[in-house]
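Trainee: Hi! Could we go through this one together? I'd like to start with the strands.
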Amino acid sequence: MRPLTLESLNPVVAKVEYAVRGELAIKAEAYRVQLKEKDHGLPFQKVISSNIGNPQQKGLDQPPITFTRQVAALMEWPALAELAPDVFPKDVIARAKELSDEIGSVGAYSHSQGVPLIRNSVAKFIENRDGYPSDPGHIFLTGGASAGVSLLLSMLITPPNSGVLIPIPQYPLYTAALAQFSGTPVPYYLDESSGWSTSVESVEAAIEKAVSEGVNTKALVIINPGNPTGALLDEKTQVKLVELCEKHSLVLLADEVYQDNLHQRNKYPFTSFKKVVRNTQSPIPLVSFHSISKGVSGECGRRGGYFECTNISDDIIAQIYKMVSVGLCPPLSGQIGVDSMVRPPKPGDESYPLWKKETTEIHEALAKRTQLMAARLNTLPGVSCVDSPGALYLHPKIELSKGAIAAAREAGKEPDAFYSLALLDQTGICTTPGSGFGQKEGEWHYRLTCLCPGVEDYVAQLESFHMSFIEKYGA
């Protein structure tokens, strides 16, 4: 019998890379296990997972929203409402009953597109946000936004020469999915010197280069607010990007999962691409993604999200439905989480005061941490950091000496990965190197989350490490 070998696998598997769960994350988990030993021999007492936006992860400990968890509890075990009649607010009981009447048991499959009641709630949320109607029949609930992104990319790519425009730096999901489906990433670079802004001219230049290389560019990915940058697009730029999609017949894929993570709302508001497309009466095909993993809910493990299709024909919707039906249905716990996200308590509801308190505290903590971290990082020699107005991350640039770069090359590492590994080894802080997100030649970055509690001590460790690193390798 022939053994199963790496060479036996689909060759695209070897090309798939996903930096936020790569070498550093694997090593961090090994350290976490080692720390359980009495004489672990490590120079730190805990691992800080700053590499991924996972708010409720142990060690980050963002508290879940009570309303969300109470509804979820009653959906899992409806008898709780009778066993503990004084525990649950009336609006929670009413919501759970409404959902239960529609869904039945959460152990059963739902409609492949998602529970109709919840899709109606998503449509109303979108209408209230944008001021334009939304069709529940063009909304698909998903197991997190990532599942929707992967599905749409798989449907758009027609090998061997299909390309998709992606921002650099980008969330590695996009390059991983393109590799999986034999698509070609067409990079356009964000401008760090102007707050990681998006230049329409840069996108145009990327399209022209792709054409010259025989690549058929089919879609434009926009991440707004940005990941890993946290940048927010202004509406004027959004209009220009919509016009560019019209000019080049591109599908616009709008990753808007951080739309409620806004640290300076008055100065940097969020405007959805759905609203821009409707305002301009543009005919471009648009797919907009959202998730319960981010915002203030942080329910990553429930795997809940949705995408909405705008200006997409019923024939295409039928094909999308066919594809999602292969997976039967998205997780019911995630769908119920979506309902709680798009239909939170309203003023006058019994749950509203606590919901308002919890969400306000989370917003304030994230904004404070982000601003403090950016300010402190910018005082370090060889470090520059954009004060991110959105999302959950900072993406500082680090100047590395010739000595550090030479040591990294000798170790077989990218220089920013070498820096990040040294940071993990010395402090237990796990970050993601900028080389995993893409960057300009000769530049180095790392991404870290703004979710870590005890931010003063956390930043002090970053500062201490950086100074010891440049003392060892030179500035």
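Trainee: Which residues lie on each side of β7, and are they buried or exposed?
Mentor: This is a predicted model. In it, Leu-286, Ser-288 and His-290 sit on one side of β7, with Val-287, Phe-289 and Ser-291 on the other, and all of them are buried.
Trainee: Why do the residues split up that way?
Mentor: In a regular strand the side chains alternate between the two faces of the sheet.
Trainee: And what does the burial say about strand β7 as a whole?
Mentor: 6 of the 6 residues of β7, which spans residues 286-291, are buried, so the strand is largely enclosed by the rest of the structure.
Trainee: How does β6 run relative to β7, parallel or antiparallel?
Mentor: Parallel: β6, residues 251-255, is joined to β7 by 4 bridges. Within that pairing, Asp-255 stands opposite Phe-289.
Trainee: Which helix goes with β6 and β7 in a β-α-β unit?
Mentor: That's α11, residues 273-279, and the unit is right-handed. Helix α11 also has the highest mean pLDDT among the elements of the chain, at 97.
Trainee: Which element has the lowest?
Mentor: Helix α1, residues 12-15, with a mean of 74. Across the chain the average pLDDT is 90, and 99% of the residues score at least 70. As a reminder, where pLDDT is low, the predicted coordinates should not be read in detail.
Trainee: Good to know. Back to the strands: how many bridges join β7 to β8?
Mentor: 6 bridges, and the two strands run antiparallel, with β8 covering residues 305-310. One example is His-290, whose bridge partner in β8 is Tyr-306.
Trainee: How many residues of β8 are buried?
Mentor: 6 of its 6 residues, so to speak of the faces, Gly-305, Phe-307 and Cys-309 are buried on one side of β8 and Tyr-306, Glu-308 and Thr-310 on the other.Trainee: What does β2 do with β8?
Mentor: Strand β2, residues 139-142, pairs with β8 in the antiparallel sense over 4 bridges. Ile-139 has Glu-308 in β8 as its bridge partner.
Trainee: Switching to helices: at what angle do the axes of α7 and α8 cross?
Mentor: At roughly 40°, and the axes of α7 (residues 145-156) and α8 (residues 173-180) come within 10 Å. That makes α7 oblique to α8.
Trainee: Is that crossing left-handed or right-handed?
Mentor: Right-handed, as α7 passes α8.

Key: Residues numbered from 1 in each chain as written. Predicted model: local features only at pLDDT ≥ 70, side-chain atom pairs only at ≥ 80, totals over all residues. Heavy atoms only, no water. Buried < 20%, exposed > 50% of the residue type's maximum accessible area, 1.4 Å probe, protein only. Pairing = 2+ DSSP bridges. Right-handed = clockwise from strand over helix to strand, strands pointing away. pLDDT = per-residue confidence, 0-100. Axes fitted to C-alpha atoms, helices over the stretch in contact; angles between N-to-C directions. Parallel < 35°, antiparallel > 145°, perpendicular 65-115°, else oblique. Left-handed = near helix turned anticlockwise from the far one by under 90°.
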